[in-house]
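Work through the exercises below with the sequence and the model side by side. Try each task before reading its solution.

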Amino acid sequence: MDLGLTGRKAIVCAASKGLGRACAEALAAEGVDLVINARGADALEATAETIAAAHGVSVTPVACDVTTEAGRNAVLAACPDPDILVNNAGGPPPGDFRDWERDDWIKAVDANMLTPILLIKAVVDGMMDRRFGRIVNITSAAVKAPIPILGLSNGARAGLTGFVAGLARETVRRNVTINGLLPGPFDTDRLRSTAAARAEKEGRPVEEVLREMGETNPAGRVGSPDEFGRTCAYLCSVHAGFVTGQNLLMDGGAYPGTL
Ligand code: NAP
């Protein structure tokens, strides 16, 4: 299917690795020019070169922390009028809420709620004026079914999801959609480091923990970033203009609800 995105421009945040990178790759494969971001310049530049060479699109790396105002400004300066915005950042650390101080909450809310909202604010009116815009927020399956040790993530991402639910109904009349893409377990560095921590704690090989993560999922495996990226590209496509304010769970069926 032609997604109708050739020549469009996208900002993809937190995209040197993992799910953000997969979204960038899938959009590049559709002929979208990219501004990609991450903090580590070396990995980011290598990713930009690889994607540009593979797909013949322009890929501009902007190395910065997107959760800071300076970082967001740098990304927006490289692409002030994107057609597509993919919001993403690292997730907050796990823990017990009794140990978290106000600052811990502020950091989580800054990274996983306010950063996407501020980027949306910066680009959404231009998208509405141009009568095309696609915004995808990478959140987490924890939005649908909270994970007890990830309270900071559960809270901050639920805040973003609630805000977007309202805004997404105001922008769609001008062909600007805003949706959440909710990853369950995907095979990225983040998942592998979670598995490594568990393996160390339980004195087991990492590969065994990773295999178990897959086996306990209804799909019998964890997700591949490529699957995630292609779903993101579909949500950004011309065909998805009637899909807004939705939260698409990609978890291999792990969430047990009927709806
Ligand atoms: P990952 O493989 O660790 O990749 C994270 C990417 O984000 C890297 O490119 C990293 O580069 C960049 N990044 C992190 N913090 C950043 C910041 N402040 N500013 C700019 N770039 C930043 O992680 P992932 O698995 O793709 O996860 C992406 C998001 O999905 C996270 O929020 C995670 O919590 C969520 N999630 C993932 C899973 C999963 O199974 N993978 C499940 C549920 C939710 P630098 O470190 O160089 O900045």
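Five exercises with worked solutions follow.

The model is predicted, so local features need pLDDT of at least 70 and side-chain atom pairs count only at pLDDT 80 or more, while totals for chains, interfaces and linings use all residues. Residues are numbered from 1 along each chain as its sequence is written, and side-chain values use heavy atoms, with hydrogens and water left out.

**Exercise 1. Disulfides**

Find how many disulfides the model has, and explain the count for C13 and C64.

Step 1. A disulfide is a covalent bond between the sulfur atoms of two cysteines. The rule used here asks for a pair of cysteine sulfur atoms within 2.5 Å.

Step 2. The cysteine sulfur closest to that of C13 belongs to C64, 8.4 Å away, and this is too far for a bond. Starting from C64, the closest cysteine sulfur is that of C13, again at 8.4 Å.

Step 3. The count is therefore zero disulfides under the 2.5 Å rule.

Step 4. Check the surroundings of both cysteines. C13 has a relative accessible area of 0% and is buried; C64, at 13%, is buried too. Buried means under 20% relative accessible area, exposed over 50%, and partly exposed in between, with a 1.4 Å probe and protein chains only.

**Exercise 2. The setting of D83**

Locate D83 and list what it touches.

Step 1. D83 sits in the loop between α3 (69–78) and β4 (84–87). Helices (H or I, at least four residues) and strands (E, at least two) are DSSP runs, numbered from the N terminus.

Step 2. The relative accessible area of D83 is 8%, so D83 is buried.

Step 3. Leaving out residues up to four places away in sequence, D83 touches R8, K9, M127, R130, F132, G133 and R134. Contact means heavy atoms within 4.5 Å.

Step 4. For K9, the backbone nitrogen lies 2.8 Å from a polar atom of the D83 side chain.

**Exercise 3. The setting of S140**

Decide whether S140 is buried or exposed, and describe its surroundings.

Step 1. S140 belongs to the loop between β5 (133–138) and α5 (151–171).

Step 2. With a relative accessible area of 12%, S140 is buried.

Step 3. Its contacts, not counting residues up to four places away in sequence, are R157, L181, L182 and P183. A polar atom of the S140 side chain also lies 3.0 Å from the backbone nitrogen of A142.

Step 4. D251 is 111 residues from S140 in sequence, yet their C-alpha atoms are 9.6 Å apart.

**Exercise 4. Positive phi**

State where R131 and N175 lie and what their phi values are.

Step 1. Most residues other than glycine have a negative phi.

Step 2. R131, in the loop between α4 (102–130) and β5, has a positive phi near 60 degrees. R131 is partly exposed at 46% relative accessibility.

Step 3. N175, in the loop between α5 and β6 (176–183), has a positive phi of about 65 degrees. N175 is partly exposed at 26%.

**Exercise 5. Two crossing helices**

Describe how α6 and α7 meet.

Step 1. The axes of α6 (residues 189–202) and α7 (residues 206–215) come within 8 Å and cross at roughly 115 degrees. Axes are lines fitted to C-alpha atoms, for helices over the stretch in contact, and angles run from 0 to 180 degrees between N-to-C directions.

Step 2. The residues in contact are L191, R192, A195, A196, R198 and A199 of α6, and V206, E207, V209, L210, E212 and M213 of α7.

Step 3. By class, the contact has eight nonpolar, no polar and four charged residues. Ala, Val, Leu, Ile, Met, Phe, Trp, Tyr, Cys and Pro count as nonpolar, Asp, Glu, Lys and Arg as charged, and the others, Gly among them, as polar.

Terms used
A polar contact is a pair of N or O atoms within 3.5 Å; within protein, one must be able to donate a hydrogen and the other to accept it, and residues adjacent in sequence count only if both atoms are side-chain atoms.
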